[in-house]
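I am opening a notebook on a structure I have not seen before. My notes follow in the order I looked things up.

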Amino acid sequence: MSDTIKEFESAIAAMERIVKQLEEGDLALDKSLALFERGVSLSRYCHDQLGSAERRIEQLTERGDLRDASQLIDLDDVER
């Protein structure tokens with residue numbers, strides 16, 4: 001698994017923890033604002049990562065024109 005996937009998944013997990021903490025409502029205002037700010041930052045990071053992945057997919061599929069690329073996949077690499 002690549003570092004980008006790990007980072008994206010970690011960011012999603014961190015956002016889930018932040019949402020849970022904020023929903024509990026037992027935090028001081030300063031702590032809530034700090035968590036919210038961190039959540040916004042993580043959200044922007046994830047949005048950027050998804051946008052990058054979308055652009056990469058578009059490039060790989062020739063601007064959205066899907067083609068069968070199964071012959072390009074090494075199934076031994078996928079199963080590892």
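Which pattern does the protein chain follow, read along the sequence? I read it off as α-α-α. My count of the secondary structure gives three helices and zero strands.

**Entry: confidence.** I note that this is a predicted model. I looked up the mean pLDDT of the protein chain and found 83. I also noted that 71% of the residues reach 70 or more. Where is confidence lowest, and where is it highest? I found the lowest in helix H3, residues 75-79, at a mean of 54. The highest is in H2, at 92.

**Entry: surface.** I looked up the accessible surface of the protein chain, and it comes to about 7000 Å². Carbon and sulfur atoms hold 52% of that surface. I then checked burial: of the 80 residues, 14% count as buried.

**Entry: helix H2.** I turned to H2, which runs over residues 29-60 and has 32 residues. How far does H2 reach from its first C-alpha to its last? I found 46 Å, close to the 46 Å expected at 1.5 Å a residue. Next I listed the buried residues of H2: Leu 35, Gly 39, Leu 42, Cys 46 and Gly 51. After H2 comes Glu 62, and I noted its positive phi, near 55 degrees.

**Entry: the core.** Which residues make up the largest nonpolar core? I wrote down eight: Phe 8, Ala 11, Ala 14, Met 15, Ile 18, Leu 35, Leu 42 and Cys 46. Two elements give two or more residues to this core, helix H1 (3-24) and H2. H1 supplies the largest share, five residues.

**Entry: Leu 35.** I picked Leu 35 because it is on both my lists: it is one of the buried residues of H2, and it belongs to the largest nonpolar core. What is Leu 35 in contact with, leaving aside its neighbours within four places in sequence? I found Ile 18, Gln 21, Leu 22 and Leu 27. Of these, I had already entered Ile 18 as a core residue.

**Entry: Gln 49.** I then looked up Gln 49, which is found in helix H2. Is Gln 49 buried or exposed? Neither: its relative accessibility is 24%, so I entered Gln 49 as partly exposed. Buried would need a value under 20%, and exposed one over 50%. Last, I checked Gln 49 against Phe 8, which lies 41 residues apart from it along the chain. Their C-alpha atoms are separated by 7.3 Å. Phe 8 is also in my core list.

Technical notes. Residues numbered from 1 in each chain as written. Predicted model: local features only at pLDDT ≥ 70, side-chain atom pairs only at ≥ 80, totals over all residues. Heavy atoms only, no water. Helix = DSSP H or I, 4+ residues; strand = E, 2+ residues; numbered from the N terminus. Expected span 1.5 Å × (residues − 1). Buried < 20%, exposed > 50% of the residue type's maximum accessible area, 1.4 Å probe, protein only. Core = buried A, V, L, I, M, F, W, Y, C linked by side-chain atoms within 4.5 Å. Contact = heavy atoms within 4.5 Å. Areas by Shrake-Rupley, 256 points an atom, 1.4 Å probe, with all protein chains shown as cover. pLDDT = per-residue confidence, 0-100.
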